[in-house]
Amino acid sequence: MVIGSPRSDEDIDDGSRSCRRLDRRRTIRTTDTAIPPAQAVPLHSGTMIDAATRRPSLTGNRPRSAAPTPSRSPGGILVAALLLMLLTGGRSAAQTMVTFETFGLGNAYRPGGPVAARVLVTSDLDEPVPGLVEWEIPNPDGDRQINQRPIEIPARGGTASAWLIGDLPSRIDPLAVANEPWTVRVFEYRDGERIAEIATARLDPSVCAARPVPQADGLAIVIGPNDAGLGGYAAIPGRDGRPGLNELLTVVPNVEPRDLPDVWAGFDQADLIVWTADDPRFQPGTLGTRLTIEGALRSWLERGGHLVIALPRSGDPWRLERGDGVLNDLLEGVSPITESTWPLAQALPALSDRPGLRDPDRTITLHRFDPATLPPAWRPLAGFRPAAPPFDRSSVSIPEGTPPAVAAQLIASAEAAVAAPAPVIHAIRRDVGQGTLDLVGIDPSDPDIRVQQPQGLPATWVFWNPLLGRRTFTPSASIVDDLAARRELVQSSQSTVLGSQRMISEEIGLRGSANGGRLLAIAIFGGYWLIAGPLGFSVLGRMGRRRHAWTAFVATSLVAAGVGWVAGELAVVIDTPLRHLTVLRHRYAPEASEVDTPLDHATCWFSTRLPGYGTARVTIGAVDGSAAAPSSGVDLLRHFSPPPNGFEAGFLDSARYEVDARRRGSIEAPARATSAEFVGDWLGRPRERDGVWASTIKVDPDDPIRIEMLDRTLTSISGTLVNGTGTTLTDVLVLMVSPVRSAPLPLDDRGLPGLPGVADRLTAQMPNLGNIMVVSIEEGWAPDAPLALGGPKGIFGSAAQVRAFGRNALGTEIEARFPAAEAFEQAMIGTGSAADRRRGLQALSLFQSLQPPPIVQTSSGQRSAARFIRLLGRDLDLSRCLAEPGIVVLAFAENTPCPVPIHVDDELVDGEGTVLLQWIHPIPPDPAWLVPPRPETFDDSTDAARADRVHPESQPRGVAAAWR
């Protein structure tokens, strides 16, 4: 690692030449005008010598002149050293150092997206100076992206840090992104000009022991002391993965609030953030006055992030009672009921799939919520039912001489009349823009809870699946080992990749225009070379006019230049200036006004022409001075690096361009009169063009959507949707999620939930029951056309059966529509039809609800653990919406204008492409259906519960014993 060490004269000359090259390039701009040549001669790191006065200067900006070459003799070196000491007053040369303090969110990074890096500058300057820190990374075209941010550099002995945002290329091996160390430079920076280079270093993530995360894995950050029970989604130590999971989750605990980025793009790689604040290090008050961190976290939430706050067992670090803490406006009005001595056995159904505790009398601090007093923005999310006390049969008065049959009927009637304990709501949820904020009243990181069962509490799939909307079962390491020993463990042998390069490029024609232009250029050049070279010379020779060779050569050159210019202009006119693939998400708010309606969120891949040569400003969202909202300063735009390993080749003429970490919605991209590929993250109101995208899907005000449960398996739905997009929608998929939470499954003789032989199927149930319908419309859903959900002509009928498995059940239909098979994989990687590729986008939208791989072999034969892998599109996943009642619509619009405003050189660019519309209509939950019945195995009066009170150490080995 090299960090700001003193440089030799040759190094200084190289640095000076490098700076002069930077100054001359039009792509390096700090203002609207090019940077003038540096006006001082670098002497050493952080110090400048004025050429006229020969005195050191840190702030001067005088004309540069060539410095005399110092003598190389010992006497000359001694004289030069004495002269330098006299000029500097005996000061030593400044040796300012720069290094990575943190690389990635929680010091973990994943290829294929934006990453935050905190740069630490240790100063050895004589006085504070304004500075600029730059981090240079190659982009997918081979150009050099200079990620920069201003920084205040203190005087000698002081340190300063700043968060930079860089774009990592897609790589199968996460270590491969750092094979070539990146260059980080620090400049003195005044009035928009670099005055001097203070320090430089070549760094990679290993300098701060950053944790690499594979691009195919999820990433969860825990602001707390441990993994909060999320470890069941991670790989089993000593194994490549964990059976039963499509995707592994890398969990990074021990992240302190003050170590979070102050730019929202730094949170982009996180699929989930869990905040437990029982330890003082992790309390939100440690943020102090760091309002930029809170703002960055809020922006990430609004764009689809998921934050889970677990209330601690003691204290009020979130200041809910006072309402003046972090995120206070989002938490306003929430008043949990705190029970400091709640029996853990009563809350066990929310934490585990089996009874039994090491200490049956253990109590916990429980924060429960009364649905009747929740603020309007909040709704119940999860709960449990306390155990009902045993019914006292002797309390029933039975007249003497009553026949036994009649007496039994009286006792049964009296027992049925006793009101069951009301469900306890321990988790609530609210929407924040397009994101989700959950408040949980049980602290999953509490060590006193975790040790109460041998495999640890909470059981990952029991506690977290209803909150995250995941459809999976997380076996413990001992279960896996025992199944493997019995040869009953399904071995993984096949995977289906979602989100490779061709899945996107076949839709937007990435590099299609560029390749066509290159072929045309090659053809023109080939013809020019033949005519101006051997072919022309041969023709002139036969005509006896070789003396006119130079004249013919000049004429041919002029004609070829004209043909090339005309062909280029025609290509620009004929070819579509922009092709896009956009996933647009709209959350319908029935009670909100037009002003209060959440902004839509879009992930947009697009290819656009960059005219001319030099640079072109590409902006997603509004440009400066535009009346549109929000500003491009909060949007995120980057060059597209397709999985698995980006583009294989870039342009030969590598260019450099700058990107401000605080304004990532705009790029001064190198332009070569060809196309470039980008991906943008945008939040705002869709751009209307010719009536298209004036709205999305509407609800008929005369027939609003209602979902009512007639009993636990029969639902009545009503309501009518109207296509308000202004364009025809195709491949319409409608999902109805009922208010009924899936009931827990009993334990079987394997120790796994479910029945023998089909345990792998039953454990893959959805968090909520529901239905799914593919709308059969031959010519598509026309603009302004209605779509009835219920009633005789509705797609769900007057009454719909909701079940865990079977025809039209959510889990079964998703499994049938998106099979983890080789044929489907070929469609996903782009070798299938356009309809198959669009089906892949729907699969990405439901990723955590896709069928997980089986765990247990059946008695009939060997099974393959086929699983899904995703390499992009994580922000498309709507699975957590399927853990709440509501309607979700997935529909495509083809050959339609882009709903996201895209500017090239501040001019709106029109183009066509494909839009996947994700439309979400939440329905208020009913706590009576939200909380499933309490399993009998948790009842203290049952034999199973009494048997589980035996300490696990005394139980015999085996799958069931190991699980318990």
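Helices (H or I, at least four residues) and strands (E, at least two) are DSSP runs, numbered from the N terminus. Residues are numbered from 1 along each chain as its sequence is written. This is a predicted model, in which local features need pLDDT of at least 70, side-chain atom pairs count only at pLDDT 80 or more, and totals for chains, interfaces and linings use all residues, while side-chain values use heavy atoms and leave out hydrogens and water.

**Exercise 1. Describe the surroundings of Trp-342.**

Solution.
Step 1. Locate the residue: Trp-342 belongs to strand β18, residues 337-343.
Step 2. Classify its accessibility. Buried means under 20% relative accessible area, exposed over 50%, and partly exposed in between (1.4 Å probe, protein chains only). Trp-342 has 15% relative accessibility and therefore counts as buried.
Step 3. List its contacts, a contact being heavy atoms within 4.5 Å. Beyond four places in sequence, Trp-342 is in contact with Ala-347, Arg-362, Thr-363, Ile-364, Leu-366, Arg-368, Phe-384, Pro-386 and Val-424.
Step 4. Take one partner further: Leu-366 is 24 residues from Trp-342 in sequence, and their C-alpha atoms are 6.2 Å apart.

**Exercise 2. Work out the order of the strands in the open sheet of seven strands, and state what lies across it.**

Solution.
Step 1. Recall the general principle: strands of a sheet pair through backbone hydrogen bonds, either parallel or antiparallel. Here two strands pair if DSSP finds at least two bridges between them.
Step 2. Read the order, which is β15-β14-β16-β17-β22-β21-β20, with mixed pairing. The edges are β15 (249-252) and β20 (378-384), each of which pairs on one side only.
Step 3. Consider the angle between strands. Axes are lines fitted to C-alpha atoms, for helices over the stretch in contact, and angles run from 0 to 180 degrees between N-to-C directions. With direction ignored, neighbouring strands of the open sheet of seven strands are turned by 20° against each other on average.
Step 4. Examine one pair: β16 (residues 272-276) and β17 (residues 306-310) are parallel and share four bridges. Val-274 stands opposite Val-308 in β17.
Step 5. Add the helix. Helix α3 (residues 291-302) lies across β16, β17, β21 (424-432) and β22 (435-440), and runs at about 120° to β17.

**Exercise 3. Determine whether helix α8 is enclosed or open to the outside, and follow the chain on either side.**

Solution.
Step 1. Look before the helix: a cis peptide bond with omega of about 0° joins Leu-457 and Pro-458. Pro-458 sits in the loop between α7 (447-450) and α8.
Step 2. Count buried residues in the helix. Nine of the nine residues of α8 (residues 460-468) are buried, so the helix is largely enclosed by the rest of the structure. Among them are Trp-461, Phe-463 and Trp-464.
Step 3. Look after the helix: just past α8, Gly-469 takes a positive phi of about 70°.
Step 4. Find a partner of Gly-469. Ser-849, in the loop between α17 (834-845) and β37 (867-870), touches Gly-469, Arg-471, Met-766, Ile-814, Ser-879 and Leu-882, not counting residues up to four places away in sequence. Ser-849 is buried, because its relative accessible area is 0%.

**Exercise 4. Compare Asp-191 and Ala-228 in phi and in accessibility.**

Solution.
Step 1. State the background: most residues other than glycine have a negative phi, and most peptide bonds are trans.
Step 2. Treat Asp-191, which has a positive phi of about 55° and lies in the loop between β11 (182-190) and β12 (193-203). Asp-191 counts as exposed because its relative accessibility is 79%.
Step 3. Treat Ala-228, whose positive phi is near 55° and whose place is the loop between β14 (218-223) and β15. Ala-228 is buried, since its relative accessible area is 0%.

**Exercise 5. Establish how many disulfides the structure holds.**

Solution.
Step 1. Apply the criterion: a disulfide is a pair of cysteine sulfur atoms within 2.5 Å.
Step 2. Search the whole structure, which gives zero disulfides.
Step 3. Check Cys-604: the nearest cysteine sulfur, that of Cys-898, is 3.9 Å away, and Cys-604 is in no disulfide. Cys-604 is buried, with a relative accessible area of 0%.

**Exercise 6. State the confidence of the chain and of its extremes.**

Solution.
Step 1. Define the score: pLDDT is the predictor's confidence in each residue, from 0 to 100.
Step 2. Take the chain: its mean pLDDT is 79, and 75% of its residues reach 70 or more.
Step 3. Take the elements: helix α20 (residues 959-963) has the lowest mean pLDDT (32), and β17 has the highest (97).
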